[in-house]
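Biologist: I am new to this structure and would like a close look at a single part, the sheet of chain A. Please take me through the strands, then through what lies against them and what ties them to the rest.

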Amino acid sequence: MKSFSNTYIFIFSTVMVIIVAALLSVVAMSLGPRQDMNIKTETMQNILTSVRVESTAKNAEELFNKYITDSYVINPGMQKIENEVALEVDLKKEVSKIEKINKLEQSVQERKVSPFKSFMAGFINFKEINKKEVQDQIAKLKSERKLPVYVCQKENDTYYVMPLRGKGLWGPIWGFIALESDMNTVYGAVFDHKSETPGLGAEIKEWRFQKEFQGKKIFDDDNAFHSVDVVKGGTDAANLHGVDAISGGTITSKGVESMLYDCLISYNTFFEQNRD
Amino acid sequence: MSDKEPLFSSRNLKLLRDPMGANNPITVQVLGICSALAVTVKLKPSIVMALSVIAVTAFSNVIISLIRNYIPPRIRIIVQLTVIAAMVILVDQILKAFAYDVSKQLSVFVGLIITNCIIMGRLEAFAMGNRPWPSFLDGIGNGAGYGVILIIVAFFRELLGSGTVYGYPIVEKLGIENFGYVNNGLMILPPMALITVGIIIWIQRGRNEELIDVS
């Protein structure tokens with residue numbers, strides 16, 4: 001066996017890595033548009049599934065154009081944002097906005113309730129969190145939210161479809177929820193995931209979990225926003241605000257629950273103004 | 001090995017044939033079992049998986065064989081891994097672009113071809129010491145040997161578990177369900193893949209006495 005000098009080994013590995021990297025980036029760049037198309041088609045199929053329209057990859061676009069008559073992006077103050085296409089809103093960014101808002105809100109609340117800190121503040125100068133500044137930040141983040149809405153016309157009924165995105169156990173989960181025109185009753189829901197455990201968390205993708213959402217209500221009797229809970233240990237079918245969680249998939253189930261709550265509460269004004 | 005050796009000499013053909021039978025990577029060497037359990041619920045993903053593995057083994061064999069005299073022995077495993085990983089990412093990207101639904105079904109298992117011991121085993125045992133053409137045949141042979149078992153297992157699991165063959169509802173069309181036949185849900189679960197592989201091994205060793213382990 002030949003022996004090679006260290007310099008040779010370094011040069012060899014560097015050249016190899018550069019060649020491989022260049023090759024893979026060229027491939028990724030050239031196949032990118034096709035892959036994006038596939039993802040877009042899948043999104044359309046998911047939206048169609050949430051309003052109970054069956055579709056295949058081939059006729060997804062045609063059916064989408066037929067049933068989804070309108071789609072727009074609104075901000076939480078109900079204004080339509082011009083020049084935004086609902087299908088192209090980056091939900092990942094929206095999720096990180098939600099997370100930031102939740103974190104900031106928590107920090108404001110913590111200032112109120114920590115008796116230890118208020119006691120200690122007499123001795124040590126804590127760096128004061130300027131409450132007003134934080135609230136301004138929250139308000140700014142909230143005003144930057146983009147909320148896509150898809151309007152579906154099917155058999156003389158109107159449905160509204162909202163996209164969802166949140167965290168599962170191993171990676172992101174996402175989905176769509178369709179509401180009837182009373183903005184309260186769930187018409188259909190569809191979920192998907194990147195890498196949940198097969199047989200456990202991955203079951204959120206299955207019809208038998210998704211069909212439970214049909215007919216549930218997101219507002220309670222006092223017309224306050226409630227969302228739909230995913231109840232561990234099971235719940236009555238008559239419970240209008242809860243569905244059975246998946247045994248063994250608790251974290252994913254909880255992820256679905258907080259995804260529904262976090263995403264839908266931003267639409268609160270929209271729902272209330274459009275309710276009958 | 002002379003330069004004048006014909007492309008399909010008996011020795012080269014043996015490279016192709018052996019892994020299909022007496023030296024099968026799954027049933028004889030017992031390699032790559034993990035993915036064989038995971039992707040064989042339906043015929044279609046198994047066929048795609050088999051083709052992907054054939055492509056990866058064949059081309060990484062050729063590449064390693066081409067540069068085998070320039071690879072420093074001290075980092076050869078890393079070099080092999082880099083080549084395999086690059087090939088697998090290529091396959092994965094192509095699947096995502098042209099067979100999106102299948103690539104979703106195979107999910108992580110395409111990525112896990114990288115860790116499939118068949119491929120690294122062939123690189124280390126064969127491609128490091130042979131010319132590109134025999135290495136190519138060896139890669140095709142071993143990939144196909146793996147694929148054949150995958151497809152056989154998937155055929156039985158899909159037929160008995162879901163009552164379909166390549167998505168065609170054969171049990172329903174034959175009308176056996178009228179006589180009280182029910183699909184066996186257990187076939188869909190991974191343990192039954194192991195048992196099916198076991199039955200294949202049993203049949204193969206029953207027919208070929210050389211394979212029987214006396215010890």
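Modeller: What follows goes through the sheet strand by strand, then the helices beside it, and ends with the contact between the chains. The model is predicted.

The sheet in chain A is open and has five strands, in the order 1-2-3-4-5, with antiparallel pairing. Strand 1 (68-74) and strand 5 (186-193) of chain A are at the edges; each has a single partner strand, so one side of each has no neighbour in the sheet. From one strand to the next, the twist averages 20°.

Begin with strand 3 and strand 4 of chain A. These two run antiparallel and are joined by nine bridges. The link between strand 3 and strand 4 of chain A is a hairpin of four residues. One bridge pair to look for is A:M162 with A:I177, the latter in strand 4 of chain A.

Strand 4 of chain A (residues 172-180) also pairs with strand 5 of chain A, again in the antiparallel sense, over seven bridges. Two residue pairs help to follow this pairing on the screen. A:L179 is opposite A:V186 of strand 5, and A:I173 has A:H193 of strand 5 as its bridge partner. The hairpin of strand 4 and strand 5 of chain A has five residues between the strands, and in this hairpin A:M183 takes a positive phi near 60°.

Next come the helices that lie across the sheet. Helix 2 of chain A (residues 60-67) lies across strand 1 and strand 2 (147-154), and its direction makes an angle of about 80° with strand 1 of chain A. Helix 7 of chain A (residues 250-265) lies across strand 3 (157-167), strand 4 and strand 5, at about 125° to strand 3 of chain A.

A:E257 is a residue of helix 7 of chain A. Its C-alpha atom is 9.3 Å from that of A:G166, although 91 residues separate the two along the chain. Leaving aside residues up to four places away in sequence, A:E257 touches A:V228, A:D229 and A:V230. With A:V230 there is a polar approach: a polar atom of the A:E257 side chain lies 2.9 Å from the backbone nitrogen of A:V230.

Strand 3 of chain A has a further link, through a charged pair. Side chains of opposite charge can pair when their charged atoms come close. A:K167 and A:E99 form a salt bridge, with 3.1 Å between the closest N and O atoms. A:K167 belongs to strand 3 of chain A and A:E99 to helix 3 (residues 91-113), so this pair ties together parts that lie 68 residues apart in sequence. Over all chains, the count of salt bridges is 13.

Last, the contact with the other chain. In chain A, 22 residues are in contact with 20 residues of chain B. About 1,900 Å² is buried between chain A and chain B, and carbon and sulfur atoms give 71% of that area. Two salt bridges are found across this interface. One of them joins the side chains of B:K104 and A:E42, at 2.7 Å from N to O. On the side of chain A that touches chain B, helix 1 of chain A (residues 6-50) gives the most, with 17 residues. By class, that side of chain A has 13 nonpolar, four polar and five charged residues.

Note on methods:
Residues are numbered from 1 along each chain as its sequence is written. Chains are lettered from A and ligands numbered from 1 in the order in which they are written. This is a predicted model: local features need pLDDT of at least 70, side-chain atom pairs count only at pLDDT 80 or more; totals for chains, interfaces and linings use all residues. Side-chain values use heavy atoms; hydrogens and water are left out. Contact means heavy atoms within 4.5 Å. Buried area is the accessible area (1.4 Å probe) that two parts lose on being put together, summed over both. A salt bridge is a side-chain nitrogen of Lys or Arg within 4 Å of a carboxyl oxygen of Asp or Glu. Ala, Val, Leu, Ile, Met, Phe, Trp, Tyr, Cys and Pro count as nonpolar, Asp, Glu, Lys and Arg as charged, and the others, Gly among them, as polar. Two strands pair if DSSP finds at least two bridges between them. Axes are lines fitted to C-alpha atoms, for helices over the stretch in contact, and angles run from 0 to 180 degrees between N-to-C directions. A polar contact is a pair of N or O atoms within 3.5 Å; within protein, one must be able to donate a hydrogen and the other to accept it, and residues adjacent in sequence count only if both atoms are side-chain atoms.
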